Amino acid sequence: MRKVVFLVVLVGILGIVLQYNYGTPGESIVDRVRAKAVVLDFDSLNPETTPAQIQQSWHHLHYTCVPEYGPLGNHVCWAPISDFNAIEARIIAFFFRDGHLSVVRVSFAPENHPKIFSLLEKRVGPTQVFGAKRDSYGKNIGGWTRLLGVVAVNDQVGPKQEALVLWLSRDQVLKKGLGI
């Protein structure tokens, strides 16, 4: 009997470790247990913010920080979250370029897209379409131009697509988007 219990416990631990190491970030059992709520006003974000300031502001999160080689930045700190502004969420990622905040990315399950879209429209106003069919799924990207950046979100997502909200710093938009 002891061997059976030991074997079951060992298989359970192995499953948790494998899911944590190879599962989708933010969805593993470990990530969900460690996830904390985040309240964030996009208008409070500043392109001059450093990784240390982000980690100090949301010190209760469990960050993974690594080099990033892509258009959003050259360094990223991400953390699993339980909810974002009272809406169930998965991950928040802070991207930095040359030590300064360039993009904030928040991911949600597809069923939460209408809630986050509605929340943003209530707080910021009617959305503008930034271009027809601009994402990889052929959906429109809408959003709001703010003083220090742009908040962008798909106008709709499919049932198996991740719902995303992006804040792009004005510097990111000017340099990468407009080439200024």
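## Exercises on a predicted chain

A hairpin of two residues joins strand 2 to strand 3, where strands (E, at least two residues) and helices (H or I, at least four) are DSSP runs numbered from the N terminus. The model is predicted, so that local features need pLDDT of at least 70 and side-chain atom pairs count only at pLDDT 80 or more, while totals for chains, interfaces and linings use all residues. Residues are numbered from 1 along each chain as its sequence is written, and side-chain values use heavy atoms, with hydrogens and water left out.

**Exercise 1. Describe how strand 2 and strand 3 are joined, by pairing and by a disulfide.**

Step 1. Begin with the pairing: strand 2 and strand 3 run antiparallel and are joined by five bridges, and two strands count as paired if DSSP finds at least two bridges between them. Within this pairing, Pro67 has His75 in strand 3 as its bridge partner.

Step 2. Turn to the sulfur atoms, taking a disulfide as a pair of cysteine sulfur atoms within 2.5 Å. The count by this rule is one disulfide, and it joins Cys65 to Cys77 with an S to S distance of 2.1 Å. Because Cys65 lies in strand 2 (residues 64-70) and Cys77 in strand 3 (residues 73-84), the pair ties together parts that are 12 residues apart in sequence.

Step 3. Add the geometry and the surroundings. The link of Cys65 and Cys77 is right-handed, with 120° about the S-S bond. For accessibility, buried means under 20% relative accessible area, exposed over 50%, and partly exposed in between (1.4 Å probe, protein chains only). Cys65 is partly exposed at 33%, whereas Cys77 is buried at 1%.

**Exercise 2. Find the salt bridges in the whole structure, and state which parts of the chain they link.**

Step 1. Apply the criterion, which asks for a side-chain nitrogen of Lys or Arg within 4 Å of a carboxyl oxygen of Asp or Glu. The search finds two salt bridges.

Step 2. Asp43 forms a salt bridge with Arg146, their closest N and O atoms being 2.8 Å apart. This pair links distant parts of the chain, 103 residues apart, with Asp43 in the loop between strand 1 (36-38) and helix 3 (51-57) and Arg146 in the loop between strand 8 (141-145) and strand 9 (149-154). Asp43 is partly exposed at 40% relative accessibility, and Arg146 is partly exposed at 27%.

Step 3. Arg105 and Glu162 meet through their side chains in a salt bridge, at 3.0 Å from N to O. Here too distant parts of the chain are linked, since Arg105 belongs to strand 6 (residues 100-108) and Glu162 to the loop between strand 9 and strand 10 (163-169), 57 residues apart. Glu162 is partly exposed, at 33% relative accessibility.

**Exercise 3. Which residues of helix 4 are buried, which are exposed on the other side, and what do the buried ones pack against?**

Step 1. Establish the span: helix 4 (residues 113-124) has 12 residues and reaches 16 Å from its first C-alpha to its last, close to the expected 16 Å, the expected span being 1.5 Å times one less than the number of residues.

Step 2. Sort the residues by accessibility. In helix 4, His113, Ile116, Phe117, Leu119 and Leu120 are buried. They cover an arc of only 160° around the axis, which puts them on the same side of helix 4, the arc being that of the directions from the helix axis to the C-beta atoms. Pro114, Lys115 and Lys122 are exposed on the other side.

Step 3. List the packing partners, with contact taken as heavy atoms within 4.5 Å. The buried residues of helix 4 pack against strand 3, strand 4 (87-88), strand 6, strand 8, strand 9 and strand 10. Just after helix 4, Gly125 takes a positive phi of about 115°.

**Exercise 4. Where are Asn85 and Asp98 placed, and is each of them buried or exposed?**

Step 1. Recall the background: most residues other than glycine have a negative phi.

Step 2. Asn85, although not a glycine, has a positive phi of about 50°; its place is in the loop between strand 3 and strand 4, and it is buried, with a relative accessible area of 10%.

Step 3. Asp98, also not a glycine, has a positive phi of about 55°; it is found in the loop between strand 5 (91-97) and strand 6, and at 60% relative accessibility it counts as exposed.
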